[in-house]
Amino acid sequence: MAFLEYLSDPSTQRELISQTLDHIYLTAVPVAIAVVLGLGLGILAHRSPQLRSPILSVVSTLLTIPSLALFAIMIPIIGIGAGPAIVALTLYALLPIVRNTVSGLFSVDNAVIESAKGMGMSATKRLWKIELPNAWPVMLAGIRVATLLTVGIAAIAALVGGPGLGQEIFTGIRRIPASGSLESLLGGTLFIILLAVLFDLLYLAIGRVTIPRGIRE
Amino acid sequence: MSSTLTPPDAQEVARRTQARDEDAALGRRARRARIVHYLGMPLFLLAVLLALYLWVQGQELDSIEARTITLGTLLSQTRQHITLTLYSTVVVLLLAVPLGIFATRPGTRRFAPAIIGLGNAGQAIPSLGLLALLYYLFRTQPALPSTGTFPVVVGLVAYSFLPILRNTMVGLEQVDRFVLEAGKGMGMSQRRVLRRIELPLAVPVILAGVRTALVLNVGTAALAFLFGGGGLGQTIFSGFQLRRNVVLVTGAVLVAVLALLVDYLAGLIEEKLTPKGL
């Protein structure tokens with residue numbers, strides 16, 4: 001009941017809406033940058049056997065570094081605010097995207113590539129017309145995982161001055177066990193979960209629209 | 001007579017010498033790769049720690065900074081951090097691995113997709129929110145202990161439980177059905193199939209779970225200071241609140257080094273314990 005009162009309070013609503021918008025920004029921007037970088041790194045790792053293991057081990061090492069530490073290390077370099085969080089979250093989002101780009105490209109049937117060669121397609125054309133479209137379902141799954149990861153980790157940015165729904169949770173933490181703290185904890189957490197669900201539905205829709213009918217399961 | 005034999009002999013010797021040199025070069029390269037594989041990460045982490053030490057030593061520390069980053073404080077926070085990581089990892093493995101085995105038996109297998117789906121959905125729960133909600137529960141229920149490592153360990157276990165359960169189940173499902181059928185065909189009982197075939201084949205999966213749990217927990221334990229559990233996250237946070245970058249960076253580098261070291265050691269254990277045939 002107290003939670004419903006909390007949600008119906010206009011000032012809470014304003015707060016939660018603006019934090020949700022910040023949280024979307026804090027997720028969408030890093031994922032978008034990571035998609036561009038990850039696509040490039042993934043294609044590179046697929047093409048060059050020498051670079052494959054260095055690229056994959058560096059991006060997986062990045063994900064091993066605890067988020068609070070990576071957010072904090074960015075502060076002396078970039079300053080306080082959304083900046084350090086965006087850079088750190090971009091680095092985290094790379095691993096699922098790079099890994100799935102590589103395995104997606106490797107999963108493309110060799111016979112398909114050979115017939116594209118036989119049709120006289122150049123290497124660049126093969127990549128864009130044949131390999132990437134065939135690898136796309138696996139790549140999209142990687143982008144989806146990266147997004148869910150980012151939505152959750154972005155909450156921690158609030159501890160070191162970042163924006164987003166983590167602020168509401170952090171407000172609640174500082175007031176435990178006073179009355180009203182539970183509402184803030186629940187509000188922040190549930191809105192983050194809700195955001196994750198909405199992103200998931202968005203990816204379902206993107207998959208429907210962008211996966212060629214011929215390779216749909 | 002000997003003169004006619006000399007030229008091919010010389011060639012043969014030259015060829016053999018070259019082959020031996022190539023073998024040696026190959027051996028050297030393999031040895032170098034092995035050295036990089038085993039010593040690369042520890043040497044890198046040692047270099048990072050040394051650089052951090054020299055950098056902090058070179059700074060003119062004010063009284064607040066000098067009070068926050070003492071060796072005693074950092075060591076006790078490191079000890080707390082490691083304790084939290086180990087406790088929560090042991091507990092989560094004891095809970096999630098047996099449950100994962102149980103949930104993939106023929107009788108219960110129909111629930112497996114639902115549990116794996118739940119595991120995927122669980123990724124959406126933010127660690128900060130989950131830890132905070134559990135801590136709130138501990139603080140407001142008089143019957144539960146509200147201080148010390150216990151509430152934090154419960155939070156860490158709750159956060160890493162679903163990923164470990166999910167990984168164990170996916171790993172066990174991957175065990176080749178034909179191998180199981182072969183076992184059954186040899187007249188093995190179901191329990192024997194589990195013990196003699198499935199579990200040995202699932203060892204890599206379980207070891208990967210140990211590594212995942214350790215890495216997840218060492219990262220989440222950086223939040224323990226918020227809930228009275230201490231750990232190195234405290235130094236990061238103090239540095240941020242006091243606007244002292246020396247403190248902030250010291251805490252952040254130590255947390256990162258600890259996590260990378262834990263991952264490296266877990267990787268070594270994984271490598272050593274995985275059966276050779278796999």
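Among contacts in chain A between residues at least 6 apart in sequence, what percentage join residues at least 24 apart? The answer is 73%, and I would like you to keep that in mind while we walk through this model, which, I should say at once, is a predicted one.

Let me stay with chain A for a moment. Chain A holds 9 helices and 0 strands, so that, read along the sequence, its pattern is simply α-α-α-α-α-α-α-α-α. If you follow the C-alpha trace along its principal axes, chain A spans about 70 × 40 × 20 Å, and of its 217 residues, 43% are buried.

Now let us turn to the place where the two chains meet. Here 34 residues of chain A are in contact with 33 residues of chain B. On the chain A side, the elements that give two or more residues are α3 (49–64), α4 (67–78), α7 (123–153), α8 (166–175) and α9 (181–210), and among these it is α9(A) that gives the most, with 9 residues. When we sort this side of chain A by class, we find 24 nonpolar residues, 10 polar ones and no charged ones.

One pair of helices across this boundary deserves a slower look, namely α4(A) and α10(B), the latter covering residues 245–273 of chain B. Their axes come within 8 Å and cross at roughly 145°, and the crossing of α4(A) and α10(B) is left-handed. From α4(A) the residues taking part are Leu68(A), Ala69(A), Ala72(A), Ile73(A), Ile75(A) and Pro76(A), and they meet Asn245(B), Leu248(B), Val249(B), Gly251(B), Ala252(B), Val255(B) and Ala256(B) in α10(B). By class, this contact of α4(A) with α10(B) has 11 nonpolar residues, 2 polar and no charged.

Several of these names return when we look at the largest nonpolar core, which has 121 residues. The members that touch the most other members are Leu68(A), Ala69(A), Phe71(A), Ala72(A), Ala252(B) and Val255(B), and α10(B) gives the most to this core, with 15 residues. Take Ala72(A) as an example: leaving aside its neighbours within four places in sequence, Ala72(A) is in contact with Val160(A) in chain A, and with Ile236(B), Phe240(B), Leu248(B), Gly251(B) and Ala252(B) in chain B.

Let me move on to chain B, whose domain assignment gives domain 1 (1–58) and domain 2 (70–273). The C-alpha centres of these two domains of chain B lie 39 Å apart, and the contact takes 7 residues from domain 1 and 7 residues from domain 2. On the domain 1 side, the residues that touch domain 2 divide into 7 nonpolar, no polar and no charged.

I will finish with a single residue, Leu74(B), which is found in helix α3 of chain B, residues 71–102. Is Leu74(B) buried, exposed or partly exposed? Leu74(B) is partly exposed, because it has 17 other C-beta atoms within 10 Å, whereas a buried residue would need 20 or more and an exposed one would have 12 or fewer. Not counting residues up to four places away in sequence, Leu74(B) touches Ile69(B), Thr235(B) and Leu254(B). Finally, Leu74(B) and Val91(B) are 17 residues apart in sequence, and from C-alpha to C-alpha they are 26 Å apart in space.

Note on methods:
Residues numbered from 1 in each chain as written. Chains lettered and ligands numbered in written order. Predicted model: local features only at pLDDT ≥ 70, side-chain atom pairs only at ≥ 80, totals over all residues. Contact = placed C-beta atoms within 7 Å. Helix = DSSP H or I, 4+ residues; strand = E, 2+ residues; numbered from the N terminus. Nonpolar A, V, L, I, M, F, W, Y, C, P; charged D, E, K, R; others polar. Domains from an automatic or database assignment. Axes fitted to C-alpha atoms, helices over the stretch in contact; angles between N-to-C directions. Left-handed = near helix turned anticlockwise from the far one by under 90°. Core = buried A, V, L, I, M, F, W, Y, C linked by C-beta atoms within 7 Å.
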